[in-house]
Amino acid sequence: FKIIIITILFIAVFIAKKIFVFLYIKIIKNLKFVKSIPVDLIKKLMKPVEIILYIVALNAIIYVFNDFSRTKLLSNIFSMIYTVTIMWSLYIIINTLAMIKIKEISQKKSNIKNELVNISIKTINFTLLLITVLILLSQAGVNLTAILSGLGIGGFAIALAAKDSLANFFGTLSILVSDTFSQGDWIVVDDKEGTVVEIGLRVTTLRTFDNALITIPNSTLANKAIKNWSKRKIGRRIKMIIGVKFDSKKENLQKAVEDIREMLKNHPQISVGKDYDISNITHTKLVSKEDEIGIKNLLMVYIDKFSDSSINILIYCFTKSIEWEEWLKTKEEVLLNIMQIIQDNNLEFAYPSLSVYNEKNIKIENLSNPTTDI
């Protein structure tokens with residue numbers, strides 16, 4: 001008789017599983033947001049329910065073998081198993097939805113930052129773990145009132161022991177509220193420089209340009225001066241000083257300066273004038289819109305000074321792109337154009353040299369080579 005009932009239970013579980021999979025797939029296909037969920041994640045969501053069905057079947061089999069009676073120990077064990085499985089299901093669902101949300105944020109502009117989603121998920125996961133432990137302790141017969149009372153009495157000691165962790169947590173809140181940097185930003189803190197990988201509850205991780213990983217406590221970041229190279233829309237600086245020989249003609253020098261200035265003004269990748277529309281940006285801060293969002297378009301080309309061995313021309317401008325490789329390409333084009341302009345205006349680049357004169361101001365030798373013997 002028991003074997004017949006157990007067989008019926010196995011068949012019922014098998015049929016229930018098939019029905020569940022059928023309904024699950026049918027419902028899932030009708031949900032619009034599911035199209036963005038990878039197939040492996042959908043399969044992960046099915047696992048907890050299948051496990052619950054198997055646990056129910058096992059519980060029923062044991063109940064039948066035990067002459068249709070329950071023991072307190074078995075009831076508590078199965079209650080704990082159900083609790084862990086249900087919490088695991090919630091964990092998978094929450095993290096799956098979080099992955100969908102992060103994907104949506106990365107694909108389109110959103111006011112929600114990745115850091116907020118990450119920290120929220122970590123907080124929820126920790127809360128789920130804490131609730132699971134408390135429920136398991138309660139099911140095991142532990143007096144939760146006594147434990148919670150003990151935590152209240154020892155809270156001060158725990159706070160002192162975890163003061164660094166608390167400082168890092170409040171440092172995390174300070175970073176998020178002040179919006180100093182975000183994931184993917186290129187920042188410099190003291191002698192540490194790199195791209196922000198993640199802002200965690202305790203530390204922020206940086207990936208350096210030599211591909212090392214650095215972890216910095218958030219309490220440290222909250223109290224340090226941070227240089228953020230990514231907080232700019234337009235304007236990566238090109239600054240250079242070129243020197244031409246002292247025997248250059250004034251007219252040629254003036255013409256070269258004007259040609260360089262015009263070349264930069266007409267260059268498609270050099271920022272001049274209104275390259276970025278800020279009329280639709282509204283804010284309540286009493287600061288310059290350009291400085292707040294990071295726009296630089298200053299362009300200057302002037303004869304700067306007479307140095308020891310050359311007449312110096314200052315070139316100061318900004319590229320439209322802030323990306324390093326694009327900036328390098330633009331800078332290379334500017335340098336090649338300047339070389340051509342210098343050549344077209346019959347000028348020559350100066351090089352370090354030394355002239356020696358006697359007491360009667362008669363030139364006796366021009367030392368273009370520092371190793372020349374006198």
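Two strands count as paired if DSSP finds at least two bridges between them; strands (E, at least two residues) and helices (H or I, at least four) are DSSP runs, numbered from the N terminus. This is a predicted model, where local features need pLDDT of at least 70, side-chain atom pairs count only at pLDDT 80 or more, and totals for chains, interfaces and linings use all residues. Residues are numbered from 1 along each chain as its sequence is written, and side-chain values use heavy atoms, with hydrogens and water left out.

Q: Which strands are the edge strands of the open sheet of five strands?
A: Read across the sheet and you get E4-E3-E2-E1-E5, with antiparallel pairing. An edge strand here pairs on one side only. That description fits E4 (213–217) and E5 (226–228).

Q: How many degrees, on average, are neighbouring strands of this five-stranded sheet turned against each other?
A: Axes are lines fitted to C-alpha atoms (for helices, over the stretch in contact), and angles run from 0 to 180 degrees between N-to-C directions. For this sheet, though, direction is ignored, and the average comes out at 40 degrees.

Q: Which residue in E3 stands opposite Ile-199?
A: Start with the strands: E2 (residues 192–199) and E3 (residues 203–207) run antiparallel, joined by four bridges. Across from Ile-199 on the E3 side sits Thr-204.

Q: Why is one side of E6 and of E7 left without a neighbour in the sheet?
A: The other open sheet has three strands in the order E6-E8-E7, again with antiparallel pairing. E6 and E7 are at its edges, so each of them has just a single partner strand. Nine bridges tie E6 (residues 236–244) to E8, and six tie E7 (residues 300–306) to E8. The partner on either side is thus E8.

Q: Which residue in E8 is the bridge partner of Met-300?
A: A hairpin takes the chain from E7 to E8 through four residues, and the two strands run antiparallel. One bridge sets Val-301 against Ile-315. As for Met-300, its partner is Tyr-316.

Q: How many residues of E8 are buried?
A: Buried means under 20% relative accessible area, exposed over 50%, and partly exposed in between (1.4 Å probe, protein chains only). Ile-311, Ile-313, Ile-315, Cys-317 and Thr-319 point one way from the strand, while Asn-312, Leu-314, Tyr-316 and Phe-318 point the other, and all are buried. For E8 (residues 311–319), the count is nine of nine.

Q: H9 packs on the sheet: which strands are touched?
A: Contact means heavy atoms within 4.5 Å. H11 touches E6 and E8, at about 25 degrees to the direction of E6. H9 makes about 145 degrees with the direction of E7, and the strands touched by H9 are E6, E7 and E8.

Q: How many residues in the contact of H9 with H11 are nonpolar?
A: The axes of H9 (residues 250–266) and H11 (residues 324–344) come within 10 Å and cross at roughly 150 degrees. Ala-256, Asp-259, Ile-260, Met-263 and Leu-264 in H9 meet Val-334, Asn-337, Ile-338 and Ile-341 in H11. Ala, Val, Leu, Ile, Met, Phe, Trp, Tyr, Cys and Pro count as nonpolar, Asp, Glu, Lys and Arg as charged, and the others, Gly among them, as polar. One contact residue is polar and one charged, and the nonpolar ones number seven.
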